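Thanks for making the time this morning. I would like to walk through one model with you, beginning with a ligand and then moving outwards to the rest of the chain.

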Amino acid sequence: MRLGTLIENDAGSLAEKTVTGFALDHRKVAAGCVFGAFQGARVNGEDFIPAAVENGALAVVARAEAEVDGAVHIVSEEPRRQFARLAAKFYGPFPSTTVAITGTNGKTSTAELTRQLWQLAGHPSASIGTLGVTTRQGQVSTGLTTPDIVTFLSNMAGLEREGVTHASFEASSHGLAQYRTEGLPVSAAAFTNLSRDHLDYHKTMEAYFDAKMRLFREVVDPDGSVVVWMDDPHSAEVVAAARDRGLKLLTVGRGGDTLKLAAQEPTHLGQTLTIEAFGESFTVKLPLIGAYQAANALVSAGLVIATGGDTAETLGHLARVVPVRGRLERVALSKAGAPIYVDYAHTPDAIEAACEALRPHTNGDLHIVFGAGGDRDTGKRKPMGETATRCADKIYVTDDNPRSEDPARIRADVLEGAPGALEIGDRREAISAAISAAGPEDVVLIAGKGHEQGQIVGDRTLPFDDVGTAREVAA
Ligand SMILES: CC(=O)N[C@H]1[C@@H](OP(=O)(O)OP(=O)(O)OC[C@H]2O[C@@H](n3ccc(=O)[nH]c3=O)[C@H](O)[C@@H]2O)O[C@H](CO)[C@@H](O)[C@@H]1O[C@H](C)C(=O)N[C@@H](C)C(=O)N[C@H](CCC(=O)O)C(=O)O
Ligand SMILES: Nc1ncnc2c1ncn2[C@@H]1O[C@H](COP(=O)(O)OP(=O)(O)OP(=O)(O)O)[C@@H](O)[C@H]1O
Ligand SMILES: N[C@H](CCC[C@H](N)C(=O)O)C(=O)O
Ligand SMILES: [Mg+2]
């Protein structure tokens, strides 16, 4: 693509030069790249403009205050947003139907269930989120929930070239605040719930919620749809934002109108849902346990219906979905006969949701093994301990991903909310202790790391997998 085509009248004498790519990091700039110079959380990208030009940058997207010599200065007061728009023009086309999901918990599950429902309806589909890029063929990790904008758009374009027509993606609050998922058309957006997380970055709950609300206020297409899980204290604000913009609204849940959850009955390996929709009543045998997965399943069905799916067919397909990796995944049975589950709960609300999901399947005690991640919201640690104390019977506080922090300090923060808990720093030992202690009527929940394949200690990632560890220990 010519620079003159990309930025129309602003390219000056460089209009005929060919744009070869986009880069956020000056070290990734090659000749012909457009460099985005952003003020980050750690450093100011504007300091790297001379080095980016040296490496061959043709144009630099930056604030007016930044100095650009030797390349076209594309001035913007919101450089990340402008960069995303231009990058989308360069990388497109994208899958014709894309939908985004935000919320504190449930994004990965909803994105993945949406992909499965589309696939069951015959659409070549993909999802992008915490699990990586998932298609029918498999999964490739990107390292972040919402990857950087260049990775995001180039992956979306790659999916389109492979024939994918439908793609769902997770819009994390960091991703939304940093315009990491902009530029491409978004047909529908969904809200799952809001509770405490990431206050290290956003500082207040208001700022955190505002970051998420950008999805509805700015990102979803003007003729798009919004799907709202209605049984959350913040749902009404999402509904109001959708109405303000005249977006189509689909409400789901006990308080929903489009897909009303009229009844929910746990069964041995799943649950039976009664859903009222468009004047009819549907019975769905969902093969996933846990009230929370019913919420995610209904939001997914809402997204599929919002993007043209038939209601009866979509609800019918819910009986055929498969569990999402590391989300209430039943991984082994202990020698004593206690089922062992792995779940990604890493917030107070998620711990409560995971414990509540397993309670109907527990005749004896519920054992929970968990810790908290380092370099993340420290204020959630004590409430995580308190929630576990309230919702489980036997608590083992261990290490999650300590990152740069002292693991003992993190455990002490969690233990403040769970004074009666056993403290076992080594995660394998903690898992082993819980599995050995559990009786035949008990259930073991290993929370916090779900699908993760490593434990981040300092700047090293040591191989670690809750599922594999539980199976080895239980064998
Ligand atoms: C706090 C945060 O979100 N940081 C992310 C953000 O960095 P930033 O823009 O603040 O970057 P910075 O490091 O200060 O640098 C500023 C700019 O200078 C550039 N730079 C920097 C150094 C250099 O030598 N040359 C150079 O050009 C950088 O590319 C950047 O554009 O943008 C980077 C690229 O897009 C991300 O890799 C980085 O993620 C860090 C590693 C991270 O840990 N992020 C986590 C907290 C995160 O984003 N998590 C969310 C939510 C998880 C969930 O709840 O699901 C996620 O979506 O994964
Ligand atoms: N709808 C929900 N309501 C409450 N808790 C939920 C819900 N969905 C999932 N959870 C809990 O949150 C955990 C994470 O779920 P999931 O990975 O789907 O969320 P996420 O929003 O993608 O998380 P992350 O922000 O880490 O990417 C689950 O393992 C479960 O404990
Ligand atoms: N996307 C979340 C995942 C947290 C998972 C947990 N295992 C941890 O490391 O805190 C985050 O980056 O905050
Ligand atoms: Mg996720």
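**Ligands, domains and a few backbone details**

Ligand 2 lies between domain 2 (92–318) and domain 3 (329–474), because both of these domains give residues to the shell around it. Please keep in mind throughout that this is a predicted model.

Staying with that shell, 23 residues surround ligand 2, and the closest are G106, K107, T108, A345 and A353. If we ask which helices supply at least two residues each, the list includes α4 (107–120), α10 (291–306) and α12 (348–358), and of the contributors it is α12 that gives the most, with 4 residues. Sorted by class, the shell around ligand 2 has 7 nonpolar, 11 polar and 5 charged residues.

Now to ligand 3, where the surrounding residues are T145, H346, G373, R376, D400, N401, G448, K449 and E452. How many of the residues in this shell are nonpolar, polar and charged? The shell around ligand 3 has no nonpolar residues, and it divides into 5 polar and 4 charged ones.

Let me step back to the chain as a whole, which is divided into domain 1 (3–90), domain 2 (92–318) and domain 3 (329–474). The centres of domain 1 and domain 2, taken over C-alpha atoms, are separated by 32 Å, and where these two domains meet, 11 residues of domain 1 are in contact with 10 residues of domain 2. On the domain 1 side of that meeting, β1 (21–23) and α3 each supply at least two residues, with the largest share, 8 residues, coming from α3. By class, this side of domain 1 has 7 nonpolar and 4 charged residues, and no polar ones.

As for annotation, the unreviewed UniProt entry places "domain: Mur ligase N-terminal catalytic" on residues 20–78. In the model, the C-alpha atoms at the two ends of residues 20–78 lie 23 Å apart, and the span is 10% helix and 25% strand.

Next, some backbone details that I would ask you to look at on the screen. The peptide bond from G92 to P93 is cis, with omega near 5°, and P93 is found in the loop between α3 (79–91) and β5 (97–102).

Two residues other than glycine have a positive phi that I would like to point out, namely F278, where phi is near 50°, and D375, where phi is about 55°. F278 is in the loop between β14 (271–277) and β15 (280–286), whereas D375 is in the loop between β18 (366–370) and α13 (381–391). Are these residues exposed or partly exposed? F278 has 11 other C-beta atoms within 10 Å, so it counts as exposed, while D375 has 13 within that distance and therefore counts as partly exposed.

I will finish with R471, which is placed in helix α16 (residues 466–474) and which counts as partly exposed because it has 14 C-beta neighbours inside 10 Å. Leaving aside its neighbours within four places in sequence, R471 is in contact with V331 and A332. With D349 the relation is one of distance, since 27 Å separate the C-alpha atoms of R471 and D349, which are 122 residues apart along the chain.

How values were computed
Residues are numbered from 1 along each chain as its sequence is written. Chains are lettered from A and ligands numbered from 1 in the order in which they are written. This is a predicted model: local features need pLDDT of at least 70, side-chain atom pairs count only at pLDDT 80 or more; totals for chains, interfaces and linings use all residues. A residue is near a molecule or strand if its C-beta atom, placed from the backbone, lies within 6 Å of it. Ala, Val, Leu, Ile, Met, Phe, Trp, Tyr, Cys and Pro count as nonpolar, Asp, Glu, Lys and Arg as charged, and the others, Gly among them, as polar. Domain bounds come from an automatic or database domain assignment. UniProt positions are given in the numbering used here, feature names are shortened, and annotations may be inferred rather than shown by experiment. A residue is buried if 20 or more other C-beta atoms lie within 10 Å of its own, exposed if 12 or fewer, and partly exposed in between; C-beta atoms are placed from the backbone. Two residues are in contact if their C-beta atoms, placed from the backbone, lie within 7 Å.
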